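Work through the exercises below with the model open. Each has a task and a solution in steps.

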Amino acid sequence: MRFFEYESRAIVAKAGIPITKQGFAKTPEEARRIAEQIGGPVVIKSQVLSGGRMKAGGVKFADTPDEAAGHAERILELEIGGHMPRGVLVDDRADVKHEYYAGVVWDGIRKLPVILFSDMGGIDIEEVAENHPDHVARAHFSTLRPFSDWQAKQLISSLGVTGSALNRLTPILARLARLFLSYDMTLAEINPLGELTDGAFVALDAHMDMENEARPRQKELLHELGVGDEETRQAREPTPFELAGEQVDAMDHRGVAGNVTEFDGNLGLVIGAGGGSLTLFDAVRAQGGKPANYCEIGGNPSVRKACGLAKLVLQKPGVERIAVMMSIVSNTRVDIVARGVIKACVELGHDPAEKIAIFRIPGAWEEEGFKILERYGIEYADRSVSLHEAARRAVEKIQGGNGAGAEGDQFRQTTAEIGSETDV
Amino acid sequence: MTDALFIDVEVDASVAQDRELAAKLTEVCPVDIFAQSDDGALEIVQENLDECVLCELCINAAPPGTVKVIKLYSGETLPAGAAVAGG
Ligand code: SF4
């Protein structure tokens with residue numbers, strides 16, 4: 001879950017990291033008042049959950065409150081990356097001597113957070129890492145043991161920072177690491193971290209991303225920031241199809257059958273199990289298939305829920321058939337999912353054998369599941385058939401045998417764009 | 001007659017009229033296939049039949065041979081080998 005810059009700055013300040021004098025404004029008048037209170041040159045920054053603000057004209061400098069109000073008026077009406085701003089941040093234009101970078105990000109491969117520090121701030125850290133690797137220091141740290149100031153100091157000093165700068169930067173970096181852990185962040189970044197002419201350090205910009213699953217336990221923070229439960233903070237608003245998927249998943253407490261993402265293909269997917277959704281989605285595309293959706297099913301959902309998800313996918317305009325595929329299941333029951341998807345077909349007046357291109361879910365209660373599938377004449381596969389082969393068969397069926405191997409040209413989205421999956 | 005596609009449940013009249021047994025069946029079924037009417041008699045919740053997880057808890061909670069779970073997709077019954085009424 002992404003935070004706006006003004007929220008990220010509030011989080012940073014809450015963690016005890018100094019920030020510049022600033023305020024969030026929703027109208028030009030409010031912007032003027034904040035600029036008056038700051039009492040000097042200010043920066044007006046559009047508050048959108050999208051990059052490229054500077055290039056799009058969403059960041060302007062003002063010397064007077066009147067100028068600040070004028071910029072705010074224009075920025076508040078400026079769409080950036082398909083988003084209208086929520087407001088503007090009116091920020092003190094600090095007297096900066098040097099810019100640093102401080103960040104913590106979750107390393108999904110090492111399954112640990114990694115803390116990064118650079119003495120070249122104000123530009124993308126990826127760019128610095130590529131062109132000036134000796135200006136980036138990094139270290140993984142434990143999520144169990146408390147993060148100590150000493151760890152921060154060691155990292156900063158490895159880049160040759162000494163003296164007063166080292167002493168002042170150390171608590172900032174340590175607090176950023178602690179903030180990352182205590183607020184379940186996946187990214188906590190201060191860039192630039194400015195060294196002012198008087199030697200003080202302040203966060204000039206911040207970017208925070210919180211693990212979406214942590215929302216329930218971070219209610220207090222979200223409440224303080226005024227973030228409501230209804231705010232999804234996705235890159236785009238959920239479509240009616242995706243909202244309907246949430247309703248299916250909320251039908252009862254059993255398992256997961258939802259988290260759908262809409263695409264515009266003709267092969268509906270009912271897929272899941274421990275990362276299986278991402279693998280299967282990619283497998284379908286690799287075979288030249290055009291997925292109509294992404295989804296997650298697992299954790300032994302009820303027949304009703306599996307049926308609800310399958311119905312939703314079957315009713316999506318453009319869907320010709322569905323493929324029901326999972327990696328090997330242990331707690332999800334094959335027979336229960338089979339009942340659900342067949343029931344969906346029957347209740348919608350379809351022949352399950354015609355509508356279900358393939359059913360490939362091996363695992364718990366598969367013998368019972370296979371009996372059901374046989375009864376309805378549905379093509380099914382056991383664990384001797386790989387996920388990729390199952391995807392190939394489904395694509396072949398929907399394309400009349402002509403599609404295997406072709407590139408799905410309309411489908412440029414990748415699983416990275418879908419976002420992170422909660423494995424079930 | 002059931003609207004369910006996959007599962008049917010048959011309960012002997014002696015069990016259906018017995019409040020205590022009806023309460024027991026209502027309690028043991030994990031997917032709410034049994035309920036009790038106002039007078040305590042057993043009711044089968046038709047819309048939940050297809051949720052049956054074949055756990056046999058109902059069969060074990062009632063006297064032998066009085067509760068049968070029928071798999072409509074294969075004709076098999078639980079407990080295994082039990083005869084289905086009317087065929
Ligand atoms: S077998 Fe289990 S789930 Fe099915 S009706 Fe009996 S108690 Fe309920």
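**Exercise 1.** In this predicted model, find how many bridges join strand β2 of chain A to strand β4 of chain A, and in which direction the two run.

*Solution.* Step 1: locate β2 at residues 42–46 and β4 at residues 88–92 of chain A. Step 2: count the bridges between these strands; there are five, and the strands run antiparallel. Step 3: check one position, where K45(A) stands opposite L89(A) in β4(A).

**Exercise 2.** Place this pair in its sheet and name the edge strands.

*Solution.* Step 1: the order in chain A is β1-β4-β2-β3, an open sheet of four strands with antiparallel pairing. Step 2: β1 (22–25) and β3 (59–62) of chain A each pair on one side only, which makes them the edge strands. Step 3: from one strand to the next, the twist averages 20 degrees.

**Exercise 3.** Which strands of chain A does helix α2 lie across, and which does helix α3 lie across?

*Solution.* Step 1: α2 (residues 28–38) of chain A lies across β1, β2 and β4, at about 170 degrees to β1(A). Step 2: α3 (residues 65–76) of chain A lies across β2, β3 and β4, at about 165 degrees to β3(A).

**Exercise 4.** Describe how α8(A) and α10(A) are oriented to each other.

*Solution.* Step 1: the axes of α8 (residues 240–249) and α10 (residues 303–314) of chain A come within 9 Å and cross at roughly 170 degrees. Step 2: angles over 145 degrees count as roughly antiparallel, so α8(A) and α10(A) are roughly antiparallel to each other. Step 3: by class, their contact has six nonpolar, two polar and two charged residues.

How values were computed. Residues are numbered from 1 along each chain as its sequence is written. Chains are lettered from A and ligands numbered from 1 in the order in which they are written. This is a predicted model: local features need pLDDT of at least 70, side-chain atom pairs count only at pLDDT 80 or more; totals for chains, interfaces and linings use all residues. Side-chain values use heavy atoms; hydrogens and water are left out. Axes are lines fitted to C-alpha atoms, for helices over the stretch in contact, and angles run from 0 to 180 degrees between N-to-C directions. Angles under 35 degrees count as roughly parallel, over 145 as roughly antiparallel, 65 to 115 as roughly perpendicular and the rest as oblique. Ala, Val, Leu, Ile, Met, Phe, Trp, Tyr, Cys and Pro count as nonpolar, Asp, Glu, Lys and Arg as charged, and the others, Gly among them, as polar. Two strands pair if DSSP finds at least two bridges between them. Contact means heavy atoms within 4.5 Å.
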